[in-house]
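This report describes selected local features of a protein structure for a reader who is new to the subject. Please look at the sequence and the model before reading on.

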2 protein chains.
Amino acid sequence: MKISVIGAGAWGTALAGLLHGNRHAVTLWAHDPERLEEIRRTGRNQRYLPGIDLPPGIRLEKDLQRAVADSQLIVIAVPSTALRETSRALSQFEGIAVSVTKGIEPDTGLTMSGILRETMPRAQAAALSGPTLAMEVARNIPAAIVAAHPDEAMGRVIQGVFHRPSFRVYRSRDLIGTEMGGALKNIIAIAAGVCDGLGYGDNSKAALLARGLAEMRRLGVACGADPETFSGLSGLGDLSVTCFSRLSRNRTFGERLGRGERLEEILARSITVAEGFPTAQAAFHLAQAKQIETPIINQVHAVLYEGKSVRQLVTDLLEREAGAE
Amino acid sequence: MKISVIGAGAWGTALAGLLHGNRHAVTLWAHDPERLEEIRRTGRNQRYLPGIDLPPGIRLEKDLQRAVADSQLIVIAVPSTALRETSRALSQFEGIAVSVTKGIEPDTGLTMSGILRETMPRAQAAALSGPTLAMEVARNIPAAIVAAHPDEAMGRVIQGVFHRPSFRVYRSRDLIGTEMGGALKNIIAIAAGVCDGLGYGDNSKAALLARGLAEMRRLGVACGADPETFSGLSGLGDLSVTCFSRLSRNRTFGERLGRGERLEEILARSITVAEGFPTAQAAFHLAQAKQIETPIINQVHAVLYEGKSVRQLVTDLLEREAGAE
């Protein structure tokens with residue numbers, strides 16, 4: 001199949017390599033043409049996937065329209081904050097558009113596939129989400145992920161495109177639930193990182209994780225998700241790896257806050273913004289609008305957007321009086 | 001309240017210190033009198049809680065009957081394989097008996113509170129379970145746990161006994177579910193440790209964790225548990241910390257297997273048996289009897305009791321063809 005990967009960050013690049021390995025004709029587009037030039041010259045995307053050699057057969061294309069011209073399937077791997085603008089430029093695309101970006105749009109409360117449905121009305125919008133650190137996938141370390149689309153036959157097509165022995169693709173018809181799990185867990189992971197940065201232990205983190213999943217489920221269900229989805233790979237699975245792995249960007253972001261670094265400095269120095277940062281704002285407003293109780297999301301929002309101290313966040317989250325559960 | 005802690009391993013000792021800190025009159029009994037002698041002499045239980053100074057006010061008693069004589073509540077913190085024998089010796093006890101041991105009895109399929117109900121018919125059998133590494137609790141690092149008893153008023157009593165700001169106690173009326181979560185997660189943690197030992201990454205572990213929780217829930221529900229319990233602290237919370245924490249005994253046990261150490265050597269050299277070892281046998285037979293599909297438990301059982309290689313276990317668990325989810 002002819003496939004275009006839109007976005008050459010860690011995840012887009014890793015997936016381009018994987019799809020090429022699955023014998024598809026893969027084109028990779030990057031927002032920054034220098035990224036493509038570096039890959040062409042060195043065979044690596046050193047900034048995002050240091051040390052990983054990419055297969056030479058991937059076509060590199062800096063013009064977005066030319067990148068998708070003949071493709072039957074495109075993989076959207078740009079940051080959530082750039083997804084609307086990028087997909088709007090692809091409004092004529094008529095094939096399958098698979099979002100691999102985890103986020104919620106602050107102004108609209110839409111998940112990424114929701115934006116794709118608005119901006120690319122002729123395409124079939126789907127999502128691929130799960131506990132998959134890009135660096136591990138690039139190294140062919142086994143992982144499992146969920147391909148989500150309301151139509152089962154379409155789900156099977158996407159499953160077939162990505163599946164390989166070291167990358168097991170499951171299917172779900174619950175598109176919104178699959179996406180909400182992936183988006184919301186980044187906010188919980190920031191709180192988990194704050195605990196790490198302040199020197200709290202794994203017990204605290206486990207408690208946070210259990211309560212965080214309940215919160216994700218409540219908000220997801222209010223948006224139309226199947227509650228069961230949050231107990232699967234794209235919910236609990238993704239949440240646990242993001243809260244515990246050293247490699248997780250959102251957990252690390254929280255850890256730096258917990259250690260006392262200033263938010264402005266972290267944002268200024270980061271190569272990529274942790275997706276939990278914009279998502280916290282979006283989820284906070286979504287929960288307010290739907291009147292869902294989301295104490296952890298509210299606390300993270302208060303730290304990121306209202307100047308609350310991280311120490312106060314942990315005190316409020318972990319040390320308040322326990323009630324009935 | 002007069003409280004006796006039966007068992008001076010890491011968890012019993014940490015809880016004795018915590019209960020003393022909550023101003024109860026605490027007596028600590030140990031199977032091995034030398035343990036008590038060491039605590040008396042040095043103020044520490046160096047073997048199980050290295051570096052932790054215990055408060056001097058804990059009464060140390062080597063005679064089991066004298067240890068419980070006046071107590072209104074006893075905490076049973078002996079290994080699951082010793083629980084029946086120990087509790088049988090306390091058959092006349094009439095107060096509250098709280099099991100903090102995680103396991104299932106192989107011959108009967110009973111959880112620990114089930115054994116207590118059989119052996120101590122005049123006592124009120126309860127359980128305290130959750131993601132609480134003993135060493136962190138001993139250091140007063142915040143944690144949360146579940147006190148389980150079918151009767152809400154009794155649950156409140158137990159909650160009040162253990163609760164403190166750094167040790168938040170929630171209540172559940174689902175005693176069997178709370179216990180099954182704590183017991184079964186140790187088996188999944190052994191599989192997670194095997195992945196670590198073989199050099200698999202966090203993606204694999206997250207996939208294992210999500211499938212493991214589904215398996216725990218299926219088997220628990222077949223035994224009468226509320227499915228919701230497995231999404232809480234004593235299920236998902238405990239599972240995630242046990243699968244990811246460096247301090248987890250069951251994960252470490254699996255990691256050593258994954259690295260190629262022989263089972264007999266690990267068992268011979270361990271200070272305490274990882275509870276997942278006997279529990280794997282119990283859960284395997286329980287699942288067979290109830291005709292519940294438990295692929296991960298079956299694989300761990302095959303490695304521990306049927307001589308299957310750990311590499312084959314991971315291949316069968318992680319690399320088989322993905323189907324519908």
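Is Ser113(B) buried or exposed? At 1% relative accessibility, Ser113(B) counts as buried; buried means under 20% relative accessible area, exposed means over 50%, and partly exposed lies in between, for a 1.4 Å probe and protein chains only. The model is predicted, so local features need pLDDT of at least 70 and side-chain atom pairs count only at pLDDT 80 or more, while totals for chains, interfaces and linings use all residues. Residues are numbered from 1 along each chain as its sequence is written, chains are lettered from A and ligands numbered from 1 in the order in which they are written, and side-chain values use heavy atoms, with hydrogens and water left out.

**Surroundings of Ser113(B)**

Ser113(B) belongs to helix H5 (residues 112-119) of chain B. Helices (H or I, at least four residues) and strands (E, at least two) are DSSP runs, numbered from the N terminus. Leaving aside residues up to four places away in sequence, Ser113(B) touches Ala125(B), Ala126(B), Leu175(B) and Glu179(B), where contact means heavy atoms within 4.5 Å. Between Ser113(B) and His149(B) there are 9.6 Å in space, C-alpha to C-alpha, and the two are 36 residues apart in sequence.

**Helix H8 in chains A and B**

In chain A, helix H8 (residues 175-197) has 23 residues and reaches 34 Å from its first C-alpha to its last, close to the expected 33 Å. The expected span is 1.5 Å times one less than the number of residues. Of the 23 residues of H8(A), 22 are buried, so this helix is largely enclosed by the rest of the structure. At its N-terminal end H8(A) is capped by Asp174(A), with a side-chain oxygen 3.0 Å from the backbone nitrogen of Gly177(A). A polar contact is a pair of N or O atoms within 3.5 Å; within protein, one must be able to donate a hydrogen and the other to accept it, and residues adjacent in sequence count only if both atoms are side-chain atoms.

Thr178(A) lies in H8 of chain A and is buried, at 0% relative accessibility. A polar atom of its side chain is 2.7 Å from the backbone oxygen of Asp174(A). Not counting residues up to four places away in sequence, the residues that Thr178(A) touches include Ser129(A), Val146(A) and Thr229(A).

For H8 (residues 175-197) of chain B, the end C-alpha atoms are 34 Å apart, which agrees with the 33 Å that its 23 residues should span. Here too, 22 of the 23 residues are buried, so H8(B) is largely enclosed by the rest of the structure. Asp174(B) caps the N-terminal end of H8(B), a side-chain oxygen lying 3.0 Å from the backbone nitrogen of Gly177(B).

**Positive phi angles**

Most residues other than glycine have a negative phi. The table lists residues with a positive phi.

| Residue | Phi | Place |
|---|---|---|
| Gly199(A) | about 90 degrees | just after H8(A) |
| Gly199(B) | near 90 degrees | following H8(B) |
| Asn140(A) | about 65 degrees | loop between H6 (134-138) and S7 (143-148) of chain A |
| Arg23(B) | about 70 degrees | loop between H1 (10-21) and S2 (25-29) of chain B |

Asn140(A) is partly exposed, with a relative accessible area of 43%, whereas Arg23(B) is exposed, at 79%.
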